[in-house]
Amino acid sequence: MEYRYEPKGVCSYEMIIDIDGDIIKKVTIEGGCAGNTVGVSRLVEGMKIQEAIKRLKGIPCGMKQTSCPDQLARALEEIVNKIN
């Protein structure tokens, strides 16, 4: 199933997340630092949702209290809440 999330407080403007059960199949992050967002997207593909949340949640970006990885974790939390 595909989900779309509008991140807040970061350079990226949309996250498109495709999941199958509790597995992340594909993540596309629009905007942001291409190397970082593509890298994070590829790293979480095939990972269980809860594991990705555990690894990414709370990561800051410079002086910001959030980051694209943190926003991805928040998006995944929303997905988990919608599923349950």
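This tour proceeds through a predicted model, from its sheet to its helices and core.

**The sheet**

Begin by selecting strands E1, E2 and E3. These three strands form an open sheet in the order E1-E2-E3, with antiparallel pairing. Strand E1 (2-5) and strand E3 (23-31) are the edge strands, each pairing on one side only. From one strand to the next, the twist averages 20°. As background, strands of a sheet pair through backbone hydrogen bonds, either parallel or antiparallel.

Next, restrict the view to E1 and E2. Four bridges join E1 to E2, and the two run antiparallel. Display Arg 4, which stands opposite Ile 16 in E2. The two strands form a hairpin with six residues between them. Within that turn, select Gly 9, which has a positive phi of about 80°.

Now move to the pair E2 and E3. Strand E2 (residues 12-20) is joined to E3 by eight bridges, again in an antiparallel arrangement. Two bridge pairs are suitable for inspection. Asp 18 has Lys 26 in E3 as its bridge partner, and Ile 17 has Val 27 in E3. In a regular strand, side chains alternate between the two faces of the sheet. The hairpin of E2 and E3 has two residues between the strands, and Gly 21 in the turn has a positive phi of about 65°.

**Helix H1: Ser 41 and Thr 37**

Select Ser 41, which is found in helix H1. Is Ser 41 buried or exposed? Its relative accessible area is 5%, so Ser 41 counts as buried. Its side chain reaches the backbone oxygen of Thr 37 at 2.7 Å. Not counting residues up to four places away in sequence, Ser 41 touches Val 27 and Ile 29. Val 27 is the residue already met as the bridge partner of Ile 17.

Follow that polar contact to Thr 37, which also lies in helix H1. Thr 37 is buried because its relative accessibility is 5%, and buried means under 20%. The side chain of Thr 37 in turn reaches the backbone oxygen of Ala 34, at 3.3 Å. With residues up to four places away in sequence set aside, Thr 37 touches Ile 29, Gly 31, Gly 32 and Cys 68. To relate Thr 37 to another part of the chain, draw a C-alpha to C-alpha distance to Pro 7: the two are 30 residues apart in sequence and 13 Å apart in space.

**Helix H2: two sides**

Select helix H2 (residues 49-56) and colour its residues by accessibility. Which residues of H2 are buried? They are Ile 49, Ala 52, Ile 53 and Leu 56. Viewed down the axis of H2, these buried residues fall within an arc of 100°, so they line one face of the helix. The spacing can be read against a general rule: an α-helix has 3.6 residues a turn, so residues three or four places apart point the same way. On the other side of H2, Lys 54 and Arg 55 are exposed.

Show the surroundings of the buried residues of H2: they pack against E2, E3, helix H1 (34-44) and H3. H2 is followed by Gly 58, where phi is positive, near 90°.

**Helix H3 and Gln 71**

Select helix H3 (residues 68-83). This helix lies across E1, E2 and E3, and runs at about 45° to E2. Within H3, display Gln 71. Gln 71 counts as buried because its relative accessibility is 2%. Leaving out residues up to four places away in sequence, Gln 71 touches Tyr 5, Pro 7, Lys 8, Val 10, Met 15 and Thr 66.

**The nonpolar core**

Finally, select the largest nonpolar core, which has 23 residues. Which of its residues touch the most other members? They are Ile 17, Val 44, Leu 72 and Leu 76. E1, E2, E3, H1, H2 and H3 each supply at least two residues of this core. H3 gives the most, with seven residues.

End the tour on Leu 72. Aside from neighbours within four places in sequence, Leu 72 is in contact with Met 15, Ile 17, Val 27, Val 40, Val 44 and Leu 56. Several of these have appeared at earlier stops: Ile 17 and Val 27 as bridge partners, and Leu 56 among the buried residues of H2.

Note on methods. Residues numbered from 1 in each chain as written. Predicted model: local features only at pLDDT ≥ 70, side-chain atom pairs only at ≥ 80, totals over all residues. Heavy atoms only, no water. Pairing = 2+ DSSP bridges. Axes fitted to C-alpha atoms, helices over the stretch in contact; angles between N-to-C directions. Contact = heavy atoms within 4.5 Å. Buried < 20%, exposed > 50% of the residue type's maximum accessible area, 1.4 Å probe, protein only. Arc of directions from axis to C-beta. Core = buried A, V, L, I, M, F, W, Y, C linked by side-chain atoms within 4.5 Å. Polar contact = N/O pair within 3.5 Å; in protein donor to acceptor, adjacent residues only side chain to side chain.
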